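Me: Could you take a close look at a single part for me? I would like to learn about empty space inside a protein and the aromatic rings around it.

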Amino acid sequence: MLDGKLVIAHIGNGKSTNRYHLPYSLNRPEKIKIKAIYQRTLRPGAWAEIPGVEYTDNLDKILNDPEIDVVVVNTPSQAHYSMAKKVLEAGKNCVVEKPFATNVEDAADLFKTAKEKGVTVQCYQNRRFDSDFLTVQKVIESGKLGKVFEVCMHYDYYRAGTPESETTYNRDHAFIYTHACHTVDQVISYFGKPQEVRYDVRQLLGKGRMNDYFDLDFFYDGLKVTVQSSYFRAKIRPSFEVYGTRGTFIKAEQDRQEADLKKFYLPAGHADFGIDTPEYYGTIYYYDDEGNYHEEKVKSEVGDYARFYDALYETIINGAPQLVTEEETMEQMKILAEAGKDLA
């Protein structure tokens, strides 16, 4: 801690660091200071350097800096474990981008090492703060849908060129690991540990090709939550569909933070960043206590990935429980491992 601020360094200087982390942590200047960014080879890149941040190709400089409280690992996924292990062994708190690790054993070892060193480690599950996901929670908790018995979550693309360009199977590029890690965490974080999970994970272009499709069913007492995604959806499915005994809620459009980030329209200085306008609101269809039918737009909740950093600050500075727990992360890792076990 420096002047009451959480001091952070990043390992990696690519899209993840500059698009999905820094725009949010830099938007909390009263709480957070970004001190350093490690890049394996220092060179001019696509991302402008941030004034006041030290860029270095010397990892030890970060690991041995007593002012740095937390190191965020934003490397390619195959290096998450090895880099996070170095951070933890240096006695630093660590945040690891998704997917947390490439197998259950490595994930468990990171938590074991963190406990031994008296520090914390957690996965960066920013999509807990997606606008559409937060809005679904608001609708469910309103009670207007009655008893909810089915939730369908879709995270679709039409990016046929991505799987078509890969002629061999690479676990690090498998859709189940690189994309299900977002939505599976949403399921676990809100609905808890499932009683049962059923898996339909495919390589649409054939064995030995990229995994480009998944359909996972999570079963709870009286509730089924389905998570589906594909690279071959020319017309994407609604982001969320929620079905209850008295109504239905449909949210067609996904959270808009990423769309703004891609246009370099950043949260700092833009009060409308990531905000749904009325044409993107979801619609609730339900019958009230008197049997009257209603069809209403539901104003979207405000999504804000900076809330992960708010929680991180409270954990490291004030000793609050971690936002993303070991139990949640290990449950997800086991689910992803089971889902991908037959891919080759």
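Reply: Let's begin with a rule: a charge sits over a ring if NZ of Lys or CZ of Arg is within 6 Å of the ring centre and within 35 degrees of the ring normal. Arg127 fits it, lying over the face of Tyr155 at 4.4 Å from the ring centre. Please keep in mind that this is a predicted model, where local features need pLDDT of at least 70 and side-chain atom pairs count only at pLDDT 80 or more, while totals for chains, interfaces and linings use all residues. Residues are numbered from 1 along each chain as its sequence is written, and side-chain values use heavy atoms, with hydrogens and water left out.

Now find Arg127 and Tyr155 again, since both line the largest cavity. A cavity is a set of points, on a 1 Å grid over the protein atoms alone, where a 1.4 Å probe fits but cannot get out; lining residues have an atom within 4 Å of a point. The count is two cavities of 30 Å³ or more. The largest has a volume (the space filled by probe spheres set on the points, which are joined across faces, edges and corners) of about 40 Å³.

Who else is in the lining? Among the others are Asp132, Met153, His154, Thr183, Gln186 and Phe240. Strand 7 (148-154) and helix 8 (180-191) each supply at least two of the lining residues; helices (H or I, at least four residues) and strands (E, at least two) are DSSP runs, numbered from the N terminus. By class, the lining has three nonpolar, five polar and two charged residues. Here Ala, Val, Leu, Ile, Met, Phe, Trp, Tyr, Cys and Pro count as nonpolar, Asp, Glu, Lys and Arg as charged, and the others, Gly among them, as polar.

From the cavity, follow Phe240 to its ring partners. The structure holds 16 aromatic pairs, meaning rings of Phe, Tyr and Trp (its six-membered ring) with centres within 6.5 Å, called stacked if the planes are under 30 degrees apart, edge-to-face if over 60 and tilted otherwise. Phe133 and Phe240 are a stacked pair, 6.2 Å centre to centre with 20° between the planes. Phe133 belongs to helix 5 (residues 131-142) and Phe240 to strand 11 (residues 240-244), so their pairing ties together parts 107 residues apart in sequence. Both Phe133 and Phe240 are buried (under 20% relative accessible area with a 1.4 Å probe, protein chains only; over 50% is exposed, in between partly exposed). Together with Tyr190, Phe191 and Tyr220, they form one aromatic cluster.

Notes:
1 Å grid on protein atoms, 1.4 Å probe; cavity = no way out; pocket = protein on both sides within 12 Å on 5 of 7 lines; lining within 4 Å.
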